[in-house]
Amino acid sequence: MREREFSVDKVTISRDADLLQIERIETMLHGTYWAKDRPDEVIRKSIENSMCYGAYEDGIQIGFARVVTDHATFFYLCDVVVDKTHRGRGIGKALLGAIVDDDELELLLGMLVTVDAQGLYERYRLACDGRTVMVRRSHRHR
Ligand SMILES: CC(C)(COP(=O)(O)OP(=O)(O)OC[C@H]1O[C@@H](n2cnc3c(N)ncnc32)[C@H](O)[C@@H]1OP(=O)(O)O)[C@@H](O)C(=O)NCCC(=O)NCCS
């Protein structure tokens, strides 16, 4: 998956790293409960070392999701965020659709952590386990 037209709202979903708008991603992430205090240099390093998906409208990045993977067995989906002014338009679902349809991830075991968006992810074959997954949080992830 490189680029996909999400025709309903003229929104493009892309995994092209050259398109990423770092400052807009930082603003979106600083508006979330989990990354509000994440330093910009940590955000930049995480982007550099991940497979990142962007949602774009009229050349402006309005959505972001990050996948950490070994490209062989496993991926971890995180930092899924849509710009506040564009929420409720289906962009979050478009991002997740692009990720689960991505050929590079299709055969891998996927995982994510969420406090309240289980209903969103369950539509994309990410089932809530509640039994076998164990999470180690560092002081940064409290
Ligand atoms: C969660 C988020 C990415 C969804 O993006 P969005 O573009 O607003 O969502 P969509 O318009 O594609 O619709 C999402 C669907 O999932 C549902 N949903 C379930 N849990 C949800 C949640 N916690 N937040 C938003 N939507 C949720 C919505 O009700 C909606 O269902 P519908 O299709 O029946 O209307 C966005 O609200 C956001 O950035 N929130 C703040 C960051 C966040 O919480 N990210 C998820 C971290 S795990």
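**Close-up views of a predicted model**

**View 1. Residues around the ligand.** In this predicted model, 17 residues surround the ligand (a heavy atom within 4 Å). The closest are Val 80, Val 82, Gly 90, Gly 92 and Lys 93. Numbering starts from 1 along each chain as its sequence is written, and side-chain values use heavy atoms, without hydrogens or water. Local features need pLDDT of at least 70 and side-chain atom pairs 80 or more, while totals for chains, interfaces and linings use all residues.

**View 2. Polar contacts of the ligand (pairs of N or O atoms within 3.5 Å)**. A ligand oxygen lies 2.3 Å from a side-chain N or O atom of Lys 93. Polar backbone atoms of Val 82 and Ile 91 also pair with ligand oxygen, at 2.8 Å and 3.4 Å. The protein covers 72% of the 870 Å² of accessible area that the ligand has on its own (Shrake-Rupley, 1.4 Å probe).

**View 3. The two sides of helix 2 (residues 40-48; helices are DSSP runs of H or I, at least four residues, and strands are runs of E, at least two, numbered from the N terminus)**. Ile 43, Ser 46 and Ile 47 are buried (under 20% relative accessible area, 1.4 Å probe, protein chains only). Seen down the helix axis, the buried residues fall within an arc of 100 degrees (directions from the axis to the C-beta atoms), so they line one face. The face turned away carries Glu 41, Lys 45 and Glu 48, which are exposed (over 50%). Cover for the buried residues includes helix 1 (22-30), strand 3 (51-57) and strand 4 (60-69), by contact of heavy atoms within 4.5 Å.

Terms used. Polar contact = N/O pair within 3.5 Å; in protein donor to acceptor, adjacent residues only side chain to side chain.
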